[in-house]
Amino acid sequence: FFSADKQAFRGAPGRRGARAALVALSVCVGAVHGVRHDSLMVQIPPRARNCFYEHLEAGDGRTVEVFVARGGRMNINLEIRGPISAEDTDDASVAATELLFSEMVTPLNENAKATESYVHGFEAPSAGTFAVCLDNTFSAVSSKRVQLDVYPSGRRTAERRASDDEKGGEEDMKRVKESLYRLKKGLKKVEQQQLKDRHRLALQSETNRRSHDRMAFGSVVETIVFVLVSIFQVMFVRRWFQGRRGNKAKQWA
């Protein structure tokens, strides 16, 4: 959008300050928009696979972030398939499509990333529709609650940003853009730290819940065993006393 702004302002010489202010405002809007990207929280039942589709041109890059918030052993299988036609998005067609990437996401490789998420980047080898699938078919009982985030990255994104830099032209615009890019980077770090804290809290909460469930189950089992042993002791002592009374009655007879 920088080149469009320059064309609009060329017919108004002598208003350099207003032009710089408006360009700064538009860059700021674009920077904030680039930092914010909404995550998708999905519930995946057992023996199920959920796929999300996007059309990409050859060389377009995407970064996929996955975080398992709850369910079972907190693992999910991430698959990337494509290209496929826009009409063939049923399960059978997707399963028959070329598998570009597959890996089991677990808390171990989530913790290895800066945001406590599993992160994977890829570039489209050719134009077409690509599927990002969360596969829970290996689980027979547990459903999974998964946070998914997909946003642009890769070579073409960098080339577009470099093209925008070349079209900037003026020194004041370059300084504004550099400052706002630094602001964007700082906001990105803050966002990543907040996301990391939320994911860590979710992991700790799920671990505490599972530990509490195990302790509660163990307490119930111990209580049942204690009650059964107590009943057995009472019945044994009662029969023992009844036997002694019978023997004494025979002796008196």
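A disulfide here is a pair of cysteine sulfur atoms within 2.5 Å. By that rule, the count comes to one disulfide. Keep in mind that this is a predicted model.

So which cysteines does the disulfide join? Cys51 and Cys133, with 2.1 Å from S to S. The link is right-handed, with 105 degrees about the S-S bond. It ties together distant parts of the chain. Cys51 sits in strand β2, residues 49-56. Cys133 sits in strand β7, residues 128-135. The two are 82 residues apart. Are they buried or exposed? Cys51 is buried, and Cys133 is buried too.

Next, a sheet. Four strands form an open sheet, and their pairing is antiparallel. Reading across, the order is β1, β8, β3, β6. The edges are β1, residues 40-44, and β6, residues 118-123. Each edge strand pairs on one side only. On average, neighbouring strands of this sheet are turned by 25 degrees against each other, direction ignored.

Now look inside the sheet at one pair. Strand β3 covers residues 61-70, and strand β8 covers residues 144-153. They pair in the antiparallel sense over nine bridges. To find your place there, take Phe67: it stands opposite Gln147 in β8.

Last stop, the surface. There is a nonpolar patch of about 700 Å². Its makers are Val220, Ile224, Phe226, Val227, Leu228, Ile231 and Met235. Pick out Leu228. Leu228 lies in helix α6, which runs over residues 171-252. Why does Leu228 count as exposed? Because its relative accessibility is 53%, and exposed means over 50%.

How values were computed:
Residues are numbered from 1 along each chain as its sequence is written. This is a predicted model: local features need pLDDT of at least 70, side-chain atom pairs count only at pLDDT 80 or more; totals for chains, interfaces and linings use all residues. Side-chain values use heavy atoms; hydrogens and water are left out. Two strands pair if DSSP finds at least two bridges between them. Axes are lines fitted to C-alpha atoms, for helices over the stretch in contact, and angles run from 0 to 180 degrees between N-to-C directions. Patches are made of residues with over 30% relative accessible area and no salt bridge: like charges are joined within 9 Å, nonpolar side chains (Val, Leu, Ile, Met, Phe, Trp, Tyr) within 5 Å. Accessible areas come from the Shrake-Rupley method with a 1.4 Å probe; for residues, only the protein chains shown count as cover. A salt bridge is a side-chain nitrogen of Lys or Arg within 4 Å of a carboxyl oxygen of Asp or Glu. Buried means under 20% relative accessible area, exposed over 50%, partly exposed in between (1.4 Å probe, protein chains only).
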